[in-house]
Structures are given as C-alpha cells and as structure tokens.
Amino acid sequence: MALWENTIPLMKTGYHKEIRDTAYGPAAKGKKVYPPYELVFNSMRLTPFDEVRVVILGQDPYINEHNGVSEAHGLCFSVRKGIPAPPSLQNIFKEIQNSIYNGNSQDFSTDLTRWANQGVLLLNASLSVLARQSNSHANLGWHELTDNIIETISFKKEHVVFMLWGAFAQKKAHLINPQKHLILKTSHPSPLSAHRGFLGSGVFSRCNAYLEKNGYKAIIW
C-alpha cells in the first residue's frame with residue numbers, strides 16, 4: 001500500500017482513509033458494510049502500483065453473504081473460495097474458457113487473487129457498500145478516489161490494458177490515454193447484457209497479445 005499512498009495524489013493527502021472511516025462509521029448507519037473493513041483496500045495491497053499491467057473496473061462490491069461470510073473481499077467480480085460464482089463471474093469464466101482454452105472445460109477458482117498477484121488491478125469504483133443495498137456508498141467520495149487512481153495509472157505508466165465492461169465502466173474512458181494504453185470495451189458480463197458483446201469478444205486473449213507484444217508476460221487467467 002505504501003507505494004500507492006506515495007503515488008496517487010488523493011491518497012497522499014489521506015483522503016482514502018477519511019472515506020474508509022466514514023464508510024464504516026457514520027455512513028454505515030448501524031448496518032453491515034462490505035467488504036470487511038480490513039479488506040477495503042485489498043486490490044491495492046495485492047497488486048502494487050509498479051506491477052499493474054491490467055485494470056478491470058467494477059461498479060461496487062457484492063452486497064450479499066454466503067453462509068454468514070461476505071461475498072465481497074475487496075476485488076471486483078471476485079468472491080472467496082468456496083462461494084458459488086455469481087452470474088457475472090460465471091460469464092467471465094465462460095469467455096476465458098472459450099477464448100483462452102478453446103472451449104475446453106476448466107476448473108476456475110472464484111477467488112481471483114491469482115489474477116491480482118499477476119498485476120491485474122481488480123478495482124471497484126466504490127470500495128464499500130451497505131449490505132443488500134447496491135450503490136449505497138456511491139456518493140461518499142470513492143469515485144473521486146478511484147478516478148484519480150485510473151488517471152494516475154494512465155499518466156505514470158505505459159502499455160496497461162484497461163477493461164471497461166458495460167456503460168458505467170466505459171464512462172471512465174476519458175481518464176485514460178489511448179495512445180499509451182489499450183482500452184477494451186464490451187458489454188457487461190451480467191446475464192442481462194453478456195450476449196450483447198462480452199461473450200465472444202476475446203478480451204482476455206486480446207489482452208494477452210497486447211502484453212506480450214509490449215514485452216510483458218501474458219496473464220494466466
């Protein structure tokens with residue numbers, strides 16, 4: 001986290017900690033907040049700034065529990081091992097299976113920590129949410145922080161792949177320099193929209209081809 005805090009302008013000011021303390025304090029209104037407090041910055045802890053090769057942007061954390069355990073654990077689209085894959089994650093795995101493994105059946109873990117450890121920043125636009133209330137923390141100031149993170153990655157790094165799935169994520173494209181980076185836009189992988197462009201898009205194979213072309217290792221999805 002130290003490198004993030006020394007690199008992202010808003011994090012240098014301690015802004016991220018102020019929002020966290022509000023999210024898990026007054027804004028919680030006595031309700032459960034996901035992910036657990038200690039995992040709110042999990043995406044950045046697992047993927048150091050200087051190792052970011054890919055950015056996948058989600059909207060906000062999962063809002064439910066499974067057997068008393070929060071589905072959300074600080075990585076967008078990911079749920080902890082042993083929790084059934086939510087519908088969007090099922091479609092993500094379906095696309096990987098088809099585009100990377102030629103349709104051959106694979107056994108994927110729902111915990112995407114393995115991606116984070118390879119330089120895939122799994123960033124939600126809002127880093128917290130009230131239980132069972134989607135977008136409930138969208139106005140706390142998280143978006144300003146995560147926009148600043150995207151902007152700084154674009155400015156300070158080169159040849160990063162930004163995956164923008166769905167209309168919400170695609171609104172962030174103006175923060176990214178397309179001359180320095182690859183922006184992959186598709187529909188969202190949710191069941192409502194996956195067939196409108198996500199499935200069959202080849203985003204994962206296109207991502208790997210771009211990384212290898214620019215001297216980086218392909219991601220083992």
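Q: Where does Lys 29 lie?
A: Lys 29 lies in the loop between helix 3 (15-23) and strand 1; helices (H or I, at least four residues) and strands (E, at least two) are DSSP runs, numbered from the N terminus. The model is predicted, with local features requiring pLDDT of at least 70, side-chain atom pairs counting only at pLDDT 80 or more, and totals for chains, interfaces and linings using all residues. Residues are numbered from 1 along each chain as its sequence is written, and side-chain values use heavy atoms, with hydrogens and water left out.

Q: What pLDDT does the protein chain have?
A: The mean is 97, and 100% of the residues reach 70 or more, where pLDDT is the predictor's confidence in each residue, from 0 to 100. Confidence is lowest in strand 4 (residues 69-70), with a mean of 91, and highest in strand 5 (residues 120-124), at 99.

Q: Why is Lys 29 called exposed?
A: Its relative accessible area is 66%. Buried means under 20%, exposed over 50%, and partly exposed in between (1.4 Å probe, protein chains only); Lys 29 is therefore exposed.

Q: What makes the phi of Lys 29 notable?
A: Phi of Lys 29 is near 55°, a positive value in a residue other than glycine. Most residues other than glycine have a negative phi, and most peptide bonds are trans. Phe 77, in the loop between strand 4 and helix 5, also has a positive phi, of about 70°, although it is not a glycine.

Q: How do you know whether Phe 77 is buried or exposed?
A: Its relative accessible area is 10%, so Phe 77 is buried.

Q: Why is Arg 114 called partly exposed?
A: Arg 114, in helix 6, has a relative accessible area of 26%, so the term partly exposed applies. Arg 114 touches Phe 93, Phe 108, Ser 109 and Trp 221, not counting residues up to four places away in sequence; contact means heavy atoms within 4.5 Å.

Q: How do you know that the buried residues of helix 9 line one face?
A: In helix 9 (residues 203-213), Val 203, Phe 204, Cys 207, Asn 208, Tyr 210 and Leu 211 are buried. Seen down the helix axis, they fall within an arc of 160°, so they line one face of helix 9; the arc is that of the directions from the axis to the C-beta atoms. Glu 212 and Lys 213, on the other side of helix 9, are exposed. The elements that the buried residues pack against include strand 2 (54-58) and helix 5 (87-99).

Q: What makes an enclosed space a cavity rather than a pocket?
A: On a 1 Å grid over the protein atoms alone, a cavity is a set of points where a 1.4 Å probe fits but cannot get out, whereas a pocket is an open set with protein on both sides within 12 Å along at least five of seven lines; lining residues have an atom within 4 Å of a point. One cavity of 30 Å³ or more is counted, and the largest cavity holds about 50 Å³. Grid points are joined across faces, edges and corners, and a volume is the space filled by probe spheres set on the points. The largest pocket has a volume of about 470 Å³. Of its 27 lining residues, those closest to the centre are Gln 59, Asp 60, Tyr 62, Phe 77 and His 188.

Q: Which residues line the largest cavity?
A: Among them are Pro 35, Val 40 and Leu 127. The peptide bond from Tyr 34 to Pro 35 is cis, with omega near -5°.
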